[in-house]
Amino acid sequence: MKYANFKDTGRTSVNIGDYLQFMAAERLLRLMNVPESDIIRLGFRDIAEYDGEPVVFPFCYSIIDFVSHGKIAISPKIKPVFFAVTLSTVDRFMEIDQFLADAYNHSYLAEHGPVGCRDEVTYTMLTAHHIPAYINGCMTAILPKRGDRLGDKTLFVDAPYALLPYIPATLLENCQFSTQQYYFEPSAVEDYRGMFAFVSERYRYYQENARIAVTSRLHVALPLTALGIPVVLAKDNIDGRFSFIERYLPIYGKDRYHEINWFPDVPDIEPAKRLLVEHALGRLQGSVSEPALHRMEQELTYWFQTRRIENAYQPSHAVTHTNGKRFDEYAQKYWRQDKPVRYAFWGISENNLGYWKNYIETRYPQAQLIAVFDSFRDGMVFGFPYQRPEMIAHYPDVHVVVCSVGAAQAARRLFTAWQLSPSRCCIVSDCFMRKEDVEGRFS
């Protein structure tokens, strides 16, 4: 039997947490002793058109990247075994109810069920549409614990800037700052072995150096917990994709930053790991009876559903791409609805340009989009050529709206260096702590 796994996302802007999900599936294949020759490597762009040997695919990823024109687009030569699927971002292009009511989508998911769901939002929607499903969280929880030795550093990995006033000084005495977001040349992305090695090295660094990790990233908090590292998980706005993780460790929204336990213990998740692995291997190999698999799925679902719930979860696309509140606060200070204003985007994509342009120009009818900036993208988006951010200097009256996490980090530095007036720059995405933020507060 042949199996498949992802090799790349096809994107040069990479959140390495995506690749860690591929590596969780890789771990399952290794535990099954599948030889390399029996693993077909597929990029995201290959999934719809794959026409090779039939393959079984341990699918440990969101389904959003494999939808075309509102329908699931996965080759019939691929038999997915869905683990940790989320539908919570389908709402970027259509309502989830509409997506699941589509006859093809409904039939496809039912045929390949039961569907393992990362989050309760997905599970609730699937079961409401009578599609067999269960909750198993994220499969990065199955990474093996690597001993009890901890490092000596506080690692801030994409930690929210708003945390700064709450952090104990003792955690800042020996700290480092890191990110999950990297940019690669296309040739590097095509080398999946090199990408997997890079991701492995980053997590190995975390494991060997952290005495505690502070992060807003799901795929830092959960795998580092699995590795045996204390984690503080904090996120200004929490969306439904994170709901399951409260079974493993607390997650703090911005309104609860004052409650954070800065010296947490590492929870014992080894029993959960064993159940996740036993169930996944049973599904993939057909080595466990259907009644036994069903009992394990019921146990997992009950375990995740009976967690202590501390947060109200927001729609994920609204949190990730469409944080209108931040723009509103900025525009109410500096813009007038009856006055012309020229604006530009930095870090926009085809996924959210339409939203943001409509959001801004509905509220400010005389606003005019005149440019789009990006440090890495080339080509055009909605008729606008991407320009490098350094070109902002050629637009002395432009108001720059920064729309992505990666751009936000660069924008904070450049806007300060350029001494740009606060009236000309609005960052609507999350901002993370930097070394200079800590030095400025505690020096």
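Which side chain makes a polar contact with the side chain of glutamine 387? In this predicted model, the partner is the side chain of tyrosine 395, at 3.0 Å.

## Glutamine 387 and its surroundings

Glutamine 387 belongs to strand 19, which covers residues 384-387. Its relative accessibility is 17%, and because buried means under 20%, glutamine 387 counts as buried. Leaving aside residues up to four places away in sequence, glutamine 387 touches Ala371, Val372, Phe373, Asp374 and Tyr395. Tyr395 is thus listed among these contacts and also supplies the side chain for the polar contact described above.

## The six-stranded mixed sheet

Strand 19 is part of an open sheet of six strands, in the order 18-19-17-16-20-21 and with mixed pairing. Strand 18 (380-381) and strand 21 (425-427) stand at the edges; each has a single partner strand, so one side of each is left without a neighbour in the sheet.

Within this sheet, strand 16 (residues 341-346) pairs with strand 17 (residues 367-373) in the parallel sense, over six bridges. Arginine 342 has glutamine 368, in strand 17, as its bridge partner. Helix 12 (residues 353-363) lies across strand 16, strand 17, strand 18 and strand 20 (399-402), and runs at about 160° to strand 16.

## The five-stranded parallel sheet

A further open sheet is formed by five strands in the order 11-10-13-14-15, and its pairing is parallel. Its edge strands are strand 11 (175-178) and strand 15 (251-253), each of which pairs on one side only. From one strand to the next, the twist averages 20°.

Strand 10 and strand 13 run parallel and are joined by five bridges. The bridge partner of leucine 155 is alanine 213, in strand 13. Strand 13 also pairs with strand 14 in the parallel sense, over three bridges, and here alanine 213 stands opposite valine 231 in strand 14. Alanine 213 therefore appears in both pairings, as the bridge partner of leucine 155 and opposite valine 231.

## Strand 14 within the sheet

How many of the five residues of strand 14 are buried? Five of the five are, so strand 14 is largely enclosed by the rest of the structure. In a regular strand, side chains alternate between the two faces of the sheet. In strand 14, Val231, Leu233 and Lys235 point one way, Val232 and Ala234 point the other way, and all are buried. Lys235 is thus one of the buried residues of the strand.

## Helix 7 on the sheet

Helix 7 (residues 218-227) is mostly covered, with 10 of its 10 residues buried. Among them are Leu218, His219, Val220, Pro223 and Thr225. The buried residues of helix 7 pack against helix 1 (16-31), strand 10 (153-157), helix 6 (192-209), strand 13 (210-215), strand 14 (231-235) and helix 8 (270-285). Just after helix 7, glycine 228 takes a positive phi of about 100°.

## The contact of helix 8 with helix 9

Helix 8, one of the elements packed against helix 7, also meets helix 9 (residues 290-305): the two axes come within 10 Å and cross at roughly 145°. The crossing of helix 8 past helix 9 is left-handed.

On the side of helix 8, the contact involves Ala272, Leu275, Leu276, Glu278, His279, Gly282 and Arg283. The residues they meet in helix 9 are Glu290, Leu293, Met296, Glu297, Glu299, Leu300 and Trp303. By class, this contact has seven nonpolar, two polar and five charged residues.

## Aspartate 8 in strand 1

Aspartate 8 is found in strand 1 (residues 3-8). With a relative accessibility of 7%, aspartate 8 counts as buried. The side chain of aspartate 8 makes a polar contact with that of lysine 7, at 2.8 Å. A polar atom of the aspartate 8 side chain also lies 2.8 Å from the backbone nitrogen of glycine 10.

Apart from residues up to four places away in sequence, aspartate 8 touches Tyr19, Phe22, Leu42, Gly43, Phe44 and Val189.

Methods:
Residues numbered from 1 in each chain as written. Predicted model: local features only at pLDDT ≥ 70, side-chain atom pairs only at ≥ 80, totals over all residues. Heavy atoms only, no water. Buried < 20%, exposed > 50% of the residue type's maximum accessible area, 1.4 Å probe, protein only. Helix = DSSP H or I, 4+ residues; strand = E, 2+ residues; numbered from the N terminus. Contact = heavy atoms within 4.5 Å. Polar contact = N/O pair within 3.5 Å; in protein donor to acceptor, adjacent residues only side chain to side chain. Pairing = 2+ DSSP bridges. Axes fitted to C-alpha atoms, helices over the stretch in contact; angles between N-to-C directions. Left-handed = near helix turned anticlockwise from the far one by under 90°. Nonpolar A, V, L, I, M, F, W, Y, C, P; charged D, E, K, R; others polar.
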